[in-house]
Amino acid sequence: MSNPVETRKKSGTIRVDYMARVEGEGALLIKLKADRVQDVKLKIFEPPRLFEALLPGRHFLEVPDITARICGICPVAYQMTAVHAMERALGITVDPMVRMLRRLLYAAEWIESHVLHIYMLHAPDFLGYRDFVELAKDYPKQATEALRLKKLGNRIMALLGGREIHPVSVTVGGFYKTPSKADLQPLVEELKWALDTAFAKAKFLGGFEYPDFEQAYEFVALSHPSEYAINEGRLVSNKGLNIDASQYEDHFVEQHVKHSNALHSVVRGRGAYQVGPLARFNLNYSKLPEVARQAAESCELRVPCLNPFKSILARAVETVFAIDEALRIIQAYEPPPAPKASYEVRAATGQAITEAPRGIQFNRYSFDEHGIILSARIVPPTSQNQKRIEEDLRELIPSIVNQPIEELTRRCEQAVRNYDPCISCATHFLKVKLERE
Amino acid sequence: MKSKPSIGVFKFASCDGCQLSLLDLEDELVALAGAVDIKFFPEMSSNMRSGPYDIGLVEGSITTHHDAARVHQIRKQCQTLVAIGACSTAGGIQALRNWGDTQQWVNRVYAHPEFIQTLSMSTPISGHVPVDFELRGCPVNKYQLLELVSATLAGRKPNIPTYSVCVECKRRGNVCVAVAQSLACLGPATQGGCGALCPTYDRGCYGCYGPAESANSTILADHMLAEGRPQDQVLRAFRSFNACSWPCRQAAEGRGLS
């Protein structure tokens with residue numbers, strides 16, 4: 001097998017044949033001519049697994065367990081979006097405590113996923129290491145604390161769902177089993193430590209060197225009147241979008257790109273958009289608790305932030321928020337009278353959007369009177385960010401084109417990682433190719 | 001000084017969850033990285049070096065011509081090759097295509113099916129190259145994964161039980177959900193390793209660790225039918241994350257359910 005990573009300057013071509021520190025398999029190809037960008041390709045060779053075709057014929061109760069397997073990094077996001085879609089289809093209202101527990105489970109996934117991405121996948125770019133293990137040698141305290149934070153996110157998921165990857169407790173109408181108040185109490189002390197630690201770490205991350213790069217993004221995120229939206233809300237943007245999940249397919253279209261196999265998700269009539277922590281931070285800043293706003297101030301992350309490299313700071317601030325929210329929920333929690341709501345099955349269609357760690361995820365399911373799935377549509381966050389990632393690269397490269405090839409390559413990879421791409425989720429977008437006019 | 005044993009982590013069609021289990025070993029990761037030379041683990045490190053590798057951990061199933069060739073290259077470079085997780089040991093949930101019309105499925109999902117190159121079957125690693133050990137689970141248990149790596153490095157047999165989920169339920173003191181709550185439970189035929197998670201959370205086991213050693217899944221399917229469960233429900237119960245494992249296939253097809 002040849003060396004999987006080859007960075008060379010040959011006819012102005014930069015190739016990274018195997019992108020590291022992203023989830024899934026992808027490659028990056030950039031063609032330059034006379035220092036001008038000729039071509040940018042973020043090539044995804046993750047093989048398609050055809051989830052939307054294997055779901056029809058299954059019962060809707062099986063869907064959350066199956067769609068979790070789209071992504072081992074954000075299984076809760078898939079489970080949540082699926083159960084919300086089914087509940088919207090059948091008009092099920094869940095108990096307020098069930099709703100809080102789901103928010104706790106989702107916040108735990110945010111903690112785990114954000115800390116993983118900040119320290120294991122992205123921070124090495126900023127500090128000049130090839131991986132977390134190298135970083136840990138020079139920053140042992142930061143590394144040890146990061147692992148402990150990540151472990152806490154996993155511990156909460158395992159407590160609520162049995163295990164951190166593909167938890168087993170979530171179902172339509174609620175949970176198979178809900179914890180007692182006493183089950184959750186042991187988390188409180190560790191969460192208090194985590195809140196202080198995550199706050200201090202935001203300041204540490206604020207000390208990184210950030211490239212001077214801003215874009216006029218359309219940020220898209222869920223927004224809720226009284227909370228920092230995770231599970232529900234209206235879908236809004238800074239360019240006037242304000243819709244219900246059921247209208248998603250009217251406003252977002254998959255567009256054919258010339259000379260490309262890929263379909264890009266775009267806002268109808270406008271184009272590429274950004275989802276994820278930076279979008280949420282910019283759109284929902286006023287809903288953040290005071291401690292998270294102070295964390296943002298300590299790392300100098302301010303609204304509006306148009307620098308995608310600072311998404312790592314938005315992740316750090318959201319980590320503070322998620323820990324604070326977990327504490328709030330645990331302290332207010334009383335077990336619901338029943339773990340799940342009762343309901344009657346009928347033929348129906350439902351859509352839902354939730355905020356996965358790396359951005360909104362849309363699901364639509366139709367099922368018959370027996371609950372058997374007739375059709376499924378799943379739009380993961382990475383496929384929505386993909387066009388924006390490529391546009392960032394095309395805008396970024398001219399400003400750094402005179403740097404040594406290794407530095408140029410490193411910076412491009414870092415720019416892709418700004419979006420925490422999860423390629424396992426996004427296999428609808430194969431062999432992306434863009435050409436400059 | 002003898003050089004440290006080397007590890008390569010390779011991915012085929014999968015969700016990344018099994019290799020993520022390595023990064024989820026928060027308390028052991030730094031020690032593990034010190035004890036071995038992680039030569040190839042793209043999800044963790046940009047420092048990717050070619051083989052040979054003492055241990056190759058393979059996640060995912062084979063679904064493309066390219067991957068069918070690549071797995072042979074990987075086998076040649078790994079002294080010990082271990083398949084981790086339901087995709088690599090049984091084809092995974094994406095192996096449901098093996099009973100469907102894959103081309104029709106591609107047409108259903110993609111606007112330009114002509115650009116999609118995929119095999120009509122999703123198959124386990126052992127269908128292509130000899131595999132030294134198969135670690136079950138969807139996802140694998142991270143402590144079993146650690147035990148497997150440690151045992152391989154020490155040259156001993158890994159301590160990975162092959163008994164059924166029922167044994168783990170008894171050990172946890174769970175009341176049987178099949179008997180007490182009449183839930184459909186694959187526990188009697190499913191290999192343990194998860195710690196009987198689903199029955200502990202008041203639901204029936206859905207078989208994500210695949211068939212236990214000498215599991216009689218046909219009898220279990222008969223029992224589920226005799227309890228009055230609809231045929232299509234029993235078929236779907238066996239046809240999931242480990243659908244390709246033969247006792248499950250026998251249970252699903254031997255009953256004339258397919």
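A residue counts as buried if 20 or more other C-beta atoms lie within 10 Å of its own. The exercises below apply to a predicted model.

**Exercise 1. Determine what share of chain A is buried, and characterise the chain's contacts and secondary structure.**

Solution. Step one applies the burial criterion: 56% of the 437 residues in chain A are buried. Step two considers contacts with a separation of 6 or more, of which 72% in chain A join residues 24 or more positions apart. Step three lists the secondary structure of chain A, namely 14 helices and 14 strands.

**Exercise 2. Describe the sheet of chain B and the helices that lie across it.**

Solution. Begin with the strand order, which is E2-E1-E3-E4-E5 in an open sheet of five strands of chain B, with parallel pairing. The edges are strand E2 (37-40) and E5 of chain B, each of which pairs on one side only. On average, neighbouring strands of this sheet are turned by 25° against each other, direction ignored.

Next, take one pair in detail. Six bridges join strand E3 (residues 53-59) of chain B to strand E4 (residues 78-84) of chain B in the parallel sense. Within E4(B), B:Ile84 is the residue opposite B:Glu59.

Finally, add the helices. H3(B) lies across strand E1 (6-11), E3 and E4 of chain B and runs at about 130° to E4(B). Helix H6 (residues 142-154) of chain B lies across E3, E4 and E5 of chain B, at about 160° to E5(B).

**Exercise 3. Explain why B:Leu135 counts as buried, and locate its contacts.**

Solution. First, place the residue: B:Leu135 belongs to strand E5 (residues 133-135) of chain B. Second, apply the cut-off of 20. B:Leu135 counts as buried because it has 24 C-beta neighbours inside 10 Å. Third, identify its partners beyond four places in sequence; among them are B:Val82, B:Ala83, B:Ile84, B:Leu145, B:Leu148 and B:Ile160. Fourth, note a pair of C-alpha atoms: those of B:Leu135 and B:Ala86 are separated by 8.3 Å, although the residues are 49 apart along the chain.

**Exercise 4. Delimit the two domains of chain B and describe the contact between them.**

Solution. The domain assignment of chain B gives domain 1 (6-154) and domain 2 (165-254). Their C-alpha centres lie 25 Å apart. To the contact, domain 1 of chain B contributes 15 residues and domain 2 of chain B contributes 13 residues. On the domain 1 side, helix H4 (residues 86-90) of chain B gives the most, with three residues. By class, that side has seven nonpolar, seven polar and one charged residues.

**Exercise 5. Characterise the contact between the chains and the nonpolar cores.**

Solution. For the contact, count residues: 50 come from chain B and 51 from chain A. Helix H1 (17-23), helix H2 (29-35), helix H3 (65-77), helix H5 (102-109) and helix H9 (197-200) of chain B each supply at least two residues of the chain B side. That side divides into 24 nonpolar, 15 polar and eleven charged residues.

For the cores, start with the largest. Of its 187 residues, A:Ala202, A:Ala316, A:Val317, A:Val320 and B:Val58 touch the most other members. Helix H4 (residues 96-127) of chain A gives the most to this core, with 16 residues. Domain 1 (6-154) and domain 2 (165-254) of chain B each provide at least three residues. Beyond four places in sequence, A:Ala316 touches residues including A:Ile118, A:Ala202, A:Leu205 and A:Cys299. A second, separate core of 15 residues includes A:Leu32, A:Ile389, A:Leu393 and A:Cys412.

How values were computed. Residues numbered from 1 in each chain as written. Chains lettered and ligands numbered in written order. Predicted model: local features only at pLDDT ≥ 70, side-chain atom pairs only at ≥ 80, totals over all residues. Contact = placed C-beta atoms within 7 Å. Helix = DSSP H or I, 4+ residues; strand = E, 2+ residues; numbered from the N terminus. Nonpolar A, V, L, I, M, F, W, Y, C, P; charged D, E, K, R; others polar. Domains from an automatic or database assignment. Buried ≥ 20, exposed ≤ 12 C-beta atoms within 10 Å, placed from the backbone. Core = buried A, V, L, I, M, F, W, Y, C linked by C-beta atoms within 7 Å. Pairing = 2+ DSSP bridges. Axes fitted to C-alpha atoms, helices over the stretch in contact; angles between N-to-C directions.
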